[in-house]
Amino acid sequence: MKKNGTNNETNNELNSEVLDREAWNSFMLLYNSAIKEVYTKVEVLNDEFKHVHRYNPIEYVKTRIKTPESIEKKLKRNGYDLTIENMTEYVNDIAGIRIVCSFTSDIYMIADMVGKQNDITVISVKDYIKNPKRSGYKSYHMIVTVPIFLSDRKVDVKVEVQIRTIAMDFWASLEHKIYYKFEGNAPEYISKDLRECSAIVSMLDAKMLSLNEAILEAKNEDDDVKKNNTLTDTRNVV
Ligand code: 0O2
């Protein structure tokens, strides 16, 4: 499992004079720890799955901490003041982990495995694969909490887990760049092209999934033939 694009250790400087630096640093420590916890869980699941099923469902994982500017913007957009309490309460994706897999079926399997972890609590799920956004955005989102054990207390910290295929990730990263370039007001022909590309992504994902199923089926048949041949050979020897 490749770890990709981690910026959780670097991008957490606070420019605002509104918040107390010490409180901000303690706050960030919690979210950085939560990312480490969830990342390790995902890594263990992937290793174990590979060991048992000889198959690696996860291509790569990216983690990120939302920038202070982006946190502030989100709070303002929703009409909240910039306070640590409001960030904790109303910004669900301060800590984010993105799991990128090969096939759509892997997404639901991974979501299930993450949700079944004893110390993870699933707060909410948004299935933008079954119900894509108007933009064409597809991804599976879970807001979970994970306990962080400090020297004197335990804190349940929220983490947004995004699970998607490589094709969905490719689409989303380009769309994200376009969104920022046009500050959310891309010309209609670009938005239309993006929606068309999103439909192509769905077709590609479906095609790749059925191709993979056909490969597995052919391999199983091949293994059966080899097994039968070995049995026949053994009988002949006896
Ligand atoms: P950034 O820059 O990635 O941090 P909620 O968290 O439930 O209060 P929100 O934020 O609307 O409300 O939740 P949602 O829809 O689950 O979106 C969370 C994140 O998903 C976004 O964070 C994006 O990273 C990603 N996302 C959602 N919609 C789109 C989309 O249409 N295109 C792309 N490329 N990504 C999307 P931020 O804070 O918007 O952005």
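Q: Which element gives the largest share of the shell around the ligand?
A: This is a predicted model, in which local features need pLDDT of at least 70 and side-chain atom pairs pLDDT 80 or more, while totals for chains, interfaces and linings use all residues. Residues are numbered from 1 along each chain as its sequence is written, and side-chain values use heavy atoms, without hydrogens and water. Four residues of the shell come from one helix (a DSSP run of H or I, at least four residues), namely helix 5.

Q: Which residues come nearest to the ligand?
A: There are 17 residues around the ligand (a heavy atom within 4 Å). Of these, the nearest are Lys-66, Lys-74, Lys-126, Tyr-128 and Glu-175.

Q: How many Å separate a polar side-chain atom of Lys-66 from an oxygen atom of the ligand?
A: A polar contact is a pair of N or O atoms within 3.5 Å. For Lys-66, the distance from a polar side-chain atom to a ligand oxygen is 2.4 Å.

Q: What percentage of the ligand's accessible area does the protein cover?
A: Tyr-128 has a side-chain N or O atom 2.7 Å from a ligand oxygen, and Gln-162 places a polar side-chain atom 3.1 Å from a ligand oxygen. On its own, the ligand has 750 Å² of accessible area (Shrake-Rupley, 1.4 Å probe). The share of this area covered by the protein is 76%.

Q: How far apart are the end C-alpha atoms of helix 1?
A: Helix 1 covers residues 21-53, which is 33 residues. The expected span is 1.5 Å times one less than the number of residues, so helix 1 should span 48 Å. The model agrees with this expectation, for the end C-alpha atoms are separated by 47 Å.

Q: Which residue with a positive phi follows helix 1?
A: The phi of this residue is near 55°. The residue that follows helix 1 is Arg-54.

Methods
A polar contact is a pair of N or O atoms within 3.5 Å; within protein, one must be able to donate a hydrogen and the other to accept it, and residues adjacent in sequence count only if both atoms are side-chain atoms. Helices (H or I, at least four residues) and strands (E, at least two) are DSSP runs, numbered from the N terminus.
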